[in-house]
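Student: Hey, can we go through this one together? I'd like to start with the charged side chains and then look at the empty spaces.
Tutor: Sure, let's get it on screen.

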Amino acid sequence: MKALLLENIHDEAVRTLRSEGYEVERLSKALGEDALIEALDGVDLLGIRSRTGVTKRVIEARGSSLTAVGAFCIGTNQMDLDALAEAGVAAFNAPYSNTRSVVELVIAEIIALARRLGDRNTQMHHGSWRKTAVGSHEIRGRKLGIVGYGNIGSQLSVVAEALGMQVWFYDVADKLPMGNAHKCESLEELLQTVETVSIHVDGRPDNVGMFGAAEFEMMRPRSLFLNLSRGRIVDIDALAENLRTGHIAGAALDVFPSEPRSGDEPFVSPLTTLDNVILTPHVGGSTQEAQVDIGRYVANKLIDYTENASTSMSVNLPDISPAPRSGTRIGHLHHNIPGVMAHLNRLVADYGGNVTYQALATRDELGYAVVDIDETDRDLLSQVAHLEGTIRARVL
């Protein structure tokens, strides 16, 4: 089988796949729709990061030949997950591997903003010795507000509290507080309480534009603001205006509504003219440690799905972590309608097959079954794909 890895995915992913006998082609750049469709000719596994869009058009053109797609990052909004599922293509990501990297950058930037390190560094580079404590603060005792209390937000909560910060958080889901963190019942409550706000929400459509002029107005004067989640969450013009007036004392951003597709394109933003802003090029999770972990984790997910039909941690298919294979294995993705499993079992019985293992999981409109058969017939295997409700059947 052949894997295509885009956007300079780490060597660890290449090593992991090749060690299992996969042919691997790696490109350093992202691909647009037309180029991606062409590149996917003969490809079974696709690996991407955040800049390559696996759109419905791409899936319609190549989904029948693709087995799985791996996002070597946290986010999955660059993939049309519903279209992938309808084509029978599994999708995976790395929800935990770079969590610590993002958290450490957030902490570093909070300290840098609180101590005015950007100003001091610029002044020194211009030969100005400004030894002063004016405007410089410890983060110990400061109130940190975390919007989005998922994997990153909750770990940030723990680390920040260990450094002496008081933590408040807000999440639309009911989340258990870590340590002594305080849960807020509304975003307004959080914004009016804390002195530093850090955003850690996902890229779902409901979150687009969630932070604009009204939210900045709710924040306490001279607060700090950080966004290392998704660029389209924040109204950049509103943030820039609040930074100019001084209502927001400083900000740090790692993600932007529009990002260059490569290092050859210029970065344009109204924030580049402001001194009290730390700007980084979407590198929150980009540490060597994180990239090694991501490369290994996602590559192994792709291998496990290909070799064992495991959908464990898939972001678009029902979740099954199957037992070790005990015969010829069938991975059967189908519409979640009554009678599919009965038809499958009847078909196996009609051909004299003996089921040695079976697992079923459902997820909304999808059902996924893993079935091991100790005696198989070629006609049986060919008939499985024609069962009513079948989206895709794979024989291992």
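Student: Okay, what do the side chains of Arg 204 and Asp 202 do together?
Tutor: They meet in a salt bridge, with N and O 2.7 Å apart. Keep in mind that this is a predicted model.

Student: Is Arg 204 buried or exposed?
Tutor: In between: Arg 204 is partly exposed, because its relative accessible area of 44% lies between the 20% and 50% cut-offs. Asp 202 is also partly exposed, at 32%.

Student: And where does Arg 204 sit in the chain?
Tutor: In the loop between strand 9 (196-199) and helix 9 (213-218).

Student: How far is the C-alpha atom of Arg 204 from that of Arg 230?
Tutor: The two C-alpha atoms are 9.6 Å apart, while along the chain Arg 204 and Arg 230 are 26 residues apart.

Student: How many salt bridges does the structure hold?
Tutor: There are 16. Another one joins Arg 26 and Asp 11, with 2.6 Å from N to O. That pair links distant parts of the chain: Arg 26 belongs to strand 2 (residues 23-26) and Asp 11 to helix 1 (residues 11-19), 15 residues apart.

Student: Are Arg 26 and Asp 11 buried or exposed?
Tutor: Arg 26 is partly exposed, with a relative accessible area of 36%. Asp 11 is partly exposed as well, at 47%.

Student: What does Arg 15 pair with?
Tutor: Arg 15 forms a salt bridge with Glu 12, and their closest N and O atoms are 2.8 Å apart. The two are three residues apart in helix 1, so about one helical turn separates them.

Student: Same question again for Glu 12: buried or exposed?
Tutor: Glu 12 is buried, because its relative accessible area is 13% and the cut-off for buried is under 20%. Its partner Arg 15 is partly exposed, at 46%.

Student: Switching topics. What is the order of the strands in the open sheet of four?
Tutor: The order is 14-15-13-16, and the pairing is antiparallel. From one strand to the next, the twist averages 10°.

Student: Which strands stand at the edges?
Tutor: Strand 14 (355-363) and strand 16 (390-395). Each has a single partner strand, so one side of each has no neighbour in the sheet.

Student: How many bridges join strand 13 to strand 15?
Tutor: Eight, between residues 328-335 of strand 13 and residues 366-373 of strand 15, and these two strands run antiparallel. Leu 333, for instance, stands opposite Tyr 368 in strand 15.

Student: Now the empty spaces. How do people even find those?
Tutor: You roll a probe the size of a water molecule over the atoms, and that shows where empty space is left.

Student: How many cavities of 30 Å³ or more are there here?
Tutor: Two. The largest cavity has a volume of about 40 Å³, and the second largest about 30 Å³.

Student: Which residues line the largest cavity?
Tutor: Gly 88, Tyr 305, Gly 331, Leu 333, Tyr 368, Arg 392 and Arg 394. You've met Leu 333 and Tyr 368 already, as the residues that stand opposite each other. Strand 13 and strand 16 are the elements that give two or more residues to this lining. By class, the lining has three nonpolar, two polar and two charged residues.

Student: And what lines the second largest cavity?
Tutor: Ile 9, His 10, Arg 49, Phe 72, Gln 291, Ile 294 and Gly 295. Here the classes come to three nonpolar, three polar and one charged.

Student: What about pockets? What volume does the second largest pocket have?
Tutor: About 320 Å³. It has 18 lining residues, and the closest to its centre are Leu 113, Arg 116, Gly 135, Leu 224 and Ala 249.

Student: Which elements supply at least two residues of the lining of the second largest pocket?
Tutor: Helix 5 (99-114), helix 6 (117-125), strand 11 (248-253) and strand 12 (277-279) each do. By class, the lining of this pocket has eight nonpolar, five polar and five charged residues.

Methods
Residues are numbered from 1 along each chain as its sequence is written. This is a predicted model: local features need pLDDT of at least 70, side-chain atom pairs count only at pLDDT 80 or more; totals for chains, interfaces and linings use all residues. Side-chain values use heavy atoms; hydrogens and water are left out. A salt bridge is a side-chain nitrogen of Lys or Arg within 4 Å of a carboxyl oxygen of Asp or Glu. Buried means under 20% relative accessible area, exposed over 50%, partly exposed in between (1.4 Å probe, protein chains only). On a 1 Å grid over the protein atoms alone, a cavity is a set of points where a 1.4 Å probe fits but cannot get out, and a pocket is an open set with protein on both sides within 12 Å along at least five of seven lines; lining residues have an atom within 4 Å of a point. Grid points are joined across faces, edges and corners, and a volume is the space filled by probe spheres set on the points. Ala, Val, Leu, Ile, Met, Phe, Trp, Tyr, Cys and Pro count as nonpolar, Asp, Glu, Lys and Arg as charged, and the others, Gly among them, as polar. Two strands pair if DSSP finds at least two bridges between them. Axes are lines fitted to C-alpha atoms, for helices over the stretch in contact, and angles run from 0 to 180 degrees between N-to-C directions.
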